[in-house]
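Colleague: Please take a close look at one helix and tell me how it sits in the fold. Then widen the view to its surroundings.

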Amino acid sequence: MQALMIAHIATGAVAVVAGAVALSARKGGSVHIAGGRSFAGLMAISAASGAGLGLLNAEKFYITFHAGVLALYLIASGWLSAHLSSGRIGGAAATLGALNVANFGALIAMGILAVRAPDGAFLGFAGENYFFLAGMAGVGVIGDASLVFRRALSDRHRIARHLWRMCFGFFIAAGSAFTGPGATVFPEFIRESGVLSLPELIIIVLMLFWLVRTLFFTRRKTG
């Protein structure tokens, strides 16, 4: 259990650094690619170990199981999106989509159980915590359904799909590090100042900026 916790925290912390490098570097450049690959690999380990912790110690970390599954889905499907040259859905993407649908349904169910509980919590976590994760999973469900109906994606939509999924995964990692369990390593006055919420806000703002630029201001290839 302790080794799993150390792996989760250590890889998650380094993943945040790698994600910051990838998000701030020139897109498609060597630094962006190297940072993205490091982030994806480290985040996958951190998410998997977090999911394991949630199962092994459900009384304290249950929601970490669902967060870990969600993060794994986001990172894996985001990586696939960047490497599907044809933009067509494949077996791996379909499997990941099915996993996310199951996780989405479970999060909604846990949220309802929490809301109906006398103390407003299920296994120590409030309904809004489950519903927040369900919201991110739900965006993934909509994106996957859109891909099924489209059958193929243009380069712009493929890159946008890669972008928001990686950023959502980064958001989860940053939240865990700065406003979640990782916040305990910071002095109390820093935690109370609200400054630890800035990384998550910056990630969302940058994600929206790059999404708008990718979808509306990227030149289409001709010839």
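Modeller: The buried residues of H8 pack against helix H1 (2–24) and helix H6 (155–179). Helices here are DSSP runs of H or I with at least four residues, strands are runs of E with at least two, and both are numbered from the N terminus. Contact means heavy atoms within 4.5 Å.

This is a predicted model, where local features need pLDDT of at least 70, side-chain atom pairs count only at pLDDT 80 or more, and totals for chains, interfaces and linings use all residues. Numbering runs from 1 along each chain as its sequence is written, and side-chain values use heavy atoms, with hydrogens and water left out.

H8 covers residues 198–216, 19 in number. From first C-alpha to last it reaches 27 Å, close to the 27 Å expected at 1.5 Å a residue. That expected span is 1.5 Å times one less than the number of residues.

Glu200, Ile203, Met207, Trp210, Leu211 and Thr214 are the buried residues of H8. They fall within an arc of 105° seen down the axis of H8, so they line one face of the helix. The arc is that of the directions from the helix axis to the C-beta atoms. Leu201 and Phe216, on the other side of H8, are exposed. Buried means under 20% relative accessible area, exposed over 50%, and partly exposed in between, with a 1.4 Å probe and protein chains only.

Now to H6, one of the packing partners of H8. Asp144 forms a salt bridge with Arg161, with the closest N and O atoms 3.0 Å apart. A salt bridge is a side-chain nitrogen of Lys or Arg within 4 Å of a carboxyl oxygen of Asp or Glu. The pair links distant parts of the chain: Asp144 is in helix H5 (residues 127–150), Arg161 in helix H6, 17 residues apart. Asp144 also meets Arg165 in a salt bridge, 3.0 Å from N to O. Arg165 lies in H6 and Asp144 in H5, so this pair ties together parts 21 residues apart in sequence. Asp144, Arg161 and Arg165 are thus named as a network of salt bridges. Asp144 is buried at 12% relative accessibility, and Arg161 is buried at 9%. Arg165 is buried too.

Within H6, Arg158 and Asp155 form another salt bridge, with the closest N and O atoms 3.4 Å apart. They are three residues apart, about one turn of the helix. Arg158 is buried at 12%, whereas Asp155 is partly exposed at 36%.
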